[in-house]
Amino acid sequence: MQQNVLILDFGSQYTQLIARRVRELNIYCEIHPYNNPPKDISSFKATILSGSPFSVRAEDAPHPDLSEIRGKMPLLAVCYGAQYLAHFHGGKVEPSETREYGRANLSLIKDAEVLFEDITENSQVWMSHSDTIKELPTNSVRLASTADVLNAAYRIDGEDTFAIQFHPEVYHTSDGKQLLENFLVKIASVEQNWTPEAFVDMTVSELKEKIGDDKVVLGLSGGVDSSVAAVLLHKAIGKNLYCIFVNNGLLRKNEFESVLDQYKHMGLNVKGVDASARFLDALAGVSDPEEKRKKIGNAFIEVFDDEAHQIQDVKFLAQGTIYPDVIESVSATGGPSATIKSHHNVGGLPDFMKLKIVEPLRALFKDEVRRVGTELGIAKELLGRHPFPGPGLAIRILGDVTAEKVRILQEVDAIFINGLKESNLYDKVWQAGAILLPVSSVGVMGDERTYEKVVALRAVESTDGMTADWVNLPYEFLQKTSNTIINRVKGVNRVVYDISSKPPATIEWE
Ligand code: XMP
């Protein structure tokens, strides 16, 4: 049984980061909303309370039931958690008089505790709160202060209950990871056994047990998540996994053939379905981006459904849902009844496909998916692929989509992406692509005047796609790429480079 850490979420923007830091210590953890905790907590060895946008003094502030947790297992209360323990247990929490947002330095009480072992005096921490703990709860001892926050950390006597006002999960807290390790490993004695290898062993045996001899259908996208999910399932149930890879006609140049080939080499039972015409028909004359997404989504469901019906007695639908998708939909603010959304690329399957869902990656973050992929022997090129949106090139062709526009953009995109690879820039970029603009411009080629399309190139750095910045690609690279595109791609006479960050722009143009 995997040892487990419970993170009770009070809606803080940083809760996911707590989970990430814990996982980086090779410790498995789960986030649950404070108002819908797991029924059986016997597998949890420690609990962390998150921060929250609420004030403990607000009427509708989160009021968790900790009767099964506090005093029964080690507990670390962060920010709101620390204020909650103080406010309701004999302490006093009030609005702070001084600014308590940003960097601060810890002053440790001598012999503070195991919690602060290997953390030096003046260690930098990150504060983000508007209330402050004026008086500690009953039976507590102060462990640390900062210049503005007297009660920056405390412990409740006689229990392994610790509280800290700062955020150990953000990188600005220099020793945050050390503090979490002190709490989880030294105090709670949780084993650091959450490794890709352990995950693969555990998941394969769980999948075998759950699925038995039944058949599973899975939609492959060519991306990292669905590919790793497929290989894991294949390891568990072999030929009973039926993969479907749909060509929507909006993929990159030669992508359908080359990815299909890769999948076959990996031993997957995969059927390639070329439905390009169906998608392009559905998109004819559609210019609105959301309308395009809808048409593509619906066409995908129809094609996938037709194919899935051809497999006899299929019982399960597998999806490449990953942890951030799950957390987004089961947040503390979403309430106990919040439902889990489907993976966005296979979302909204029709009701008549009464398949049970299997999501082998739903506990993993993206970097963990890649590590599991490596453990499974999946090729580096596939695992390191840039994200590519489900609606594909359709949302990079501004205005209506035609087969000719797709062809032009595929050519341009291939020159750009292959150029990045040849110049060893591909892995330094988080995502890159070309956009076909709905304008023509005047040019001159030889003695001829031209009036042709403009394309934009976009390359961004990001960690999660939520924020992004344009990449400072070398001028020589841009110069060469632009020349190659204009010389080789008929119909394009001008190339521009997008230098907008997100926000306020987005990564895609539509
Ligand atoms: P934006 O353009 O919102 O994109 O900055 C953030 C990330 O999401 C991808 N993206 C999509 N992925 N279906 C997808 O599967 C979509 O409709 C979609 N729209 C944007 C985008 O490529 C980037 O990685």
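Visitor: In which sense do E19 and strand E21 pair, and over how many bridges?

Guide: Follow the bridges from one strand to the other. In this predicted model, E19 and E21 (residues 492-497) pair in the parallel sense. There are five bridges between E19 and E21.

Visitor: Which residue stands opposite Leu457 in E21?

Guide: Tyr497 does. Start at Leu457 and look across to E21 to find Tyr497.

Visitor: Which residue in E19 is the bridge partner of Ala434?

Guide: Leu457 again. So keep Leu457 in view: its bridge partner Ala434 is one marker, and Tyr497 in E21 is another.

Visitor: How many bridges link strand E18 and strand E19?

Guide: Count 12. E18 covers residues 431-445, and E19 covers residues 448-461. Their pairing is antiparallel.

Visitor: What do E18 and E19 form, and how many residues lie between them?

Guide: They form a hairpin, with two residues between the strands. Look at Gly446 in the turn: its phi is positive, about 65 degrees.

Visitor: In which sense do E19 and strand E20 pair?

Guide: The antiparallel sense, over two bridges. E20 spans residues 469-470. Use Val460 as your marker here: its bridge partner in E20 is Trp470.

Visitor: Now the backbone angles. Which sign of phi do most residues other than glycine have?

Guide: Negative. A positive value in such a residue is therefore worth a look. Asn122 is one case: it is not a glycine, yet its phi is positive, about 75 degrees.

Visitor: Where does Asn122 lie?

Guide: In the loop between strand E7 (107-108) and strand E8 (124-128).

Visitor: What is the phi of Asp313?

Guide: Positive, about 55 degrees, although Asp313 is not a glycine. Find Asp313 in the loop between helix H8 (289-309) and strand E16 (314-318).

Visitor: Is Asp313 buried or exposed?

Guide: Check the relative accessibility against the cut-off: exposed means over 50%. Asp313 has 59%, so it counts as exposed.

Visitor: And peptide bonds: are most of them cis or trans?

Guide: Most are trans. Now see the bond from Lys502 to Pro503: this one is cis, with omega near -15 degrees. Pro503 sits in the segment after E21.

Visitor: What kind of peptide bond joins Pro503 and Pro504?

Guide: A cis bond, with omega about 10 degrees. Pro504 also lies in the segment after E21. Trace the chain through Lys502, Pro503 and Pro504, and you pass both of these cis bonds.

Note on methods
Residues are numbered from 1 along each chain as its sequence is written. This is a predicted model: local features need pLDDT of at least 70, side-chain atom pairs count only at pLDDT 80 or more; totals for chains, interfaces and linings use all residues. Side-chain values use heavy atoms; hydrogens and water are left out. Two strands pair if DSSP finds at least two bridges between them. Helices (H or I, at least four residues) and strands (E, at least two) are DSSP runs, numbered from the N terminus. Buried means under 20% relative accessible area, exposed over 50%, partly exposed in between (1.4 Å probe, protein chains only).
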